[in-house]
Amino acid sequence: MISVSKLLCGAAAPNDHLRYGKSGQTPESFSLQRPIVVWNCTRSCNLHCVHCYATASNQKYEGELTTDEGKAFLRDLADFKAPVILFSGGEPVMRGDLFDLASYAKGLGIKVALSTNGTLITEDVARRLRDVGFGEVGISLDGIGGNNDRFRGSKGAFDAALQGIRNSVSLGLRVSLRLTITGYNYKDIPAIFDLVEREKIDRVCIYHLAYVGRAGDKRVDDITPAQTRSVVDFIFEKTAELHGRGLKKEILTVDNHVDGVYLYLKVKREQPERAAEVLELLQRNGGNSSGIRIGAVDNLGNVHADQFWWHYSFGNVRQRKFGDIWMDTSDPLMRGLKNRRPLLKGRCSLCQYLDLCGGNLRVRAEATYGDVWAPDPACYLTDEEIGLDRSPLPAGTTPAAGGRP
Ligand code: SF4
């Protein structure tokens, strides 16, 4: 995650330490921080989003972790000192024991957050979320009105999610609006920011598309690099404008750490006095941390490097403790993700900002080139911006689609 509001405007937010470490913490100890774990606790969902990475549907899935198995897994996480669990899905509110599981996690000292489509958040559900102590309720809106409904495969989904947002905000819950950028909705982003202001939403997370699940064969729905730059420019401008008006919104972009490099280049040009501070924060963060400080467990208990790797598992929490699976580097992918620098290929391996970006989203490289260590096709920086125009290409390097490797 790139916190645009912090990096561009210096605005602090409650969970900054998860991205940049605590004050006084050394970069070395921060790099050993335990992962935030996304638990896709059910695959059942009342919607049918065209880009769902979990390929979730409105049906019952056999073999999902039971309440007791879920609690055993939560105890593993607590033993391992995982700081935060994000209940996701499918639609997590469809799990009847969500509140029981979340209370249990809280009792074990794990912070709880929710990722939901929002359509089932009635006043009663919002009250229960507040009473359990959810630190954040992430609600997805992938466009305005009918555009959201088309994307989410259900007429009325926009109105229902908006009501869920209102029910949550009115009870003082910290709501985080989530949107995944595609060719269908990028033009709605200005209107989404208007809605954020109107509805008094605290936080916005704008996701870049990962080409997995239902989006696996839909990468053509991703926007072009030029469009991505202009969307990111808009997000930067809007964040600065909100901040300038004294509105304390936390604005983040997700799943494209190139945004951090792009932001740094902008700060270097326009606020050179802040450039060293931004550079240090991005270096501490280190960019993509799938398999390091972010992990995922699916509805069946399989452990993944992040929520997009349903096709590859390191083990199952029914058989081994989460922490044992996570620290076991006998698996080549786990070993590689934890020390990826020597494995990255093409322009990522040559990039002067690799320490800030971490080589970006590996699952997107794999989906595009069939090679986990190939360059991420969603990098929109030019060769000149990443210092590649000064480096000779290594012998045997093959160009990636769209230009130099
Ligand atoms: S070339 Fe690779 S490492 Fe560099 S900014 Fe782009 S995606 Fe990140």
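Start by selecting helix α11, residues 258-270: its 13 residues should span 18 Å at 1.5 Å a residue, and the end C-alpha atoms are 18 Å apart, which agrees. The expected span here is 1.5 Å times one less than the number of residues in the helix. Helices (H or I, at least four residues) and strands (E, at least two) are DSSP runs, numbered from the N terminus.

Before you click on, two notes. Residues are numbered from 1 along each chain as its sequence is written. What you have open is a predicted model, where local features need pLDDT of at least 70, side-chain atom pairs count only at pLDDT 80 or more, and totals for chains, interfaces and linings use all residues.

**Stop 1: around α11**

Stay on α11 and colour V258, D259, G260, V261, Y262, L263, Y264 and V267: these are its buried residues. Buried means that 20 or more other C-beta atoms lie within 10 Å of the residue's own; 12 or fewer makes it exposed, and in between it is partly exposed, with C-beta atoms placed from the backbone. Now show what they pack against: β1 (2-3), α1 (4-9), α10 (225-244), β8 (250-254), α12 (275-285) and α16.

Next, pick D255, in the loop between β8 and α11. D255 is not a glycine, yet its phi is positive, about 70°. Most residues other than glycine have a negative phi, and most peptide bonds are trans. Is D255 buried or exposed? D255 has 26 C-beta neighbours inside 10 Å, so it counts as buried.

**Stop 2: the ligand**

Select the ligand and the 15 residues around it; C348, C351, C357, N360 and C379 come nearest. Near means that a residue's C-beta atom, placed from the backbone, lies within 6 Å of the molecule or strand. You'll meet α11 again here: along with α15 (346-350) and α16 (354-357), it gives two or more residues to the shell. Colour the shell by type and you get 11 nonpolar, 2 polar and 2 charged residues. Ala, Val, Leu, Ile, Met, Phe, Trp, Tyr, Cys and Pro count as nonpolar, Asp, Glu, Lys and Arg as charged, and the others, Gly among them, as polar.

**Stop 3: the sheet**

Switch to a cartoon view and follow the strands. There are 11 of them in an open sheet with mixed pairing, in the order β1-β8-β7-β6-β5-β4-β3-β2-β9-β10-β11. β1 and β11 (315-316) are at the edges with a single partner strand each, so one side of each has no neighbour in the sheet. Two strands pair if DSSP finds at least two bridges between them.

Zoom in on β1 and β8, which run antiparallel and are joined by 2 bridges. Pick S3 and you'll find its bridge partner in β8, L252.

Move along to β7, residues 203-207: 4 of its 5 residues are buried, so the strand is largely enclosed by the rest of the structure. β7 pairs with β6 (residues 175-180) in the parallel sense over 5 bridges. One pair to label is R178 with its partner C205 in β7.

Now hop to β2 (residues 36-40) and β9 (residues 294-297), a parallel pair with 4 bridges. Label W39 and its bridge partner in β9, V297. V297 also stands opposite V303 in β10. β9 and β10 make a hairpin with 4 residues between them, and G301 in that turn has a positive phi of about 95°.

**Stop 4: helix α8**

Select residues 157-170. This is α8, whose 14 residues reach 20 Å from first C-alpha to last, close to the 20 Å expected at 1.5 Å a residue. Its buried residues include A157, F158 and A160. Among the elements covering the buried residues are α6 (123-132), β5 (136-140), α7 (146-152) and β6. After α8 comes G172, with a positive phi near 85°.

**Stop 5: two loops**

Find G90 in the loop between β3 (84-88) and α5 (98-107). A cis peptide bond joins G89 and G90, with omega about 10°.

Then select K81, in the loop between α4 (67-80) and β3. K81 has a positive phi of about 70° although it isn't a glycine. K81 counts as exposed because it has 11 C-beta neighbours inside 10 Å.

**Last stop: confidence**

Colour by pLDDT, the predictor's confidence in each residue, from 0 to 100. The protein averages 93, and 93% of the residues score at least 70. Over residues 395-405 the pLDDT is below 50.

Key
Contact = placed C-beta atoms within 7 Å.
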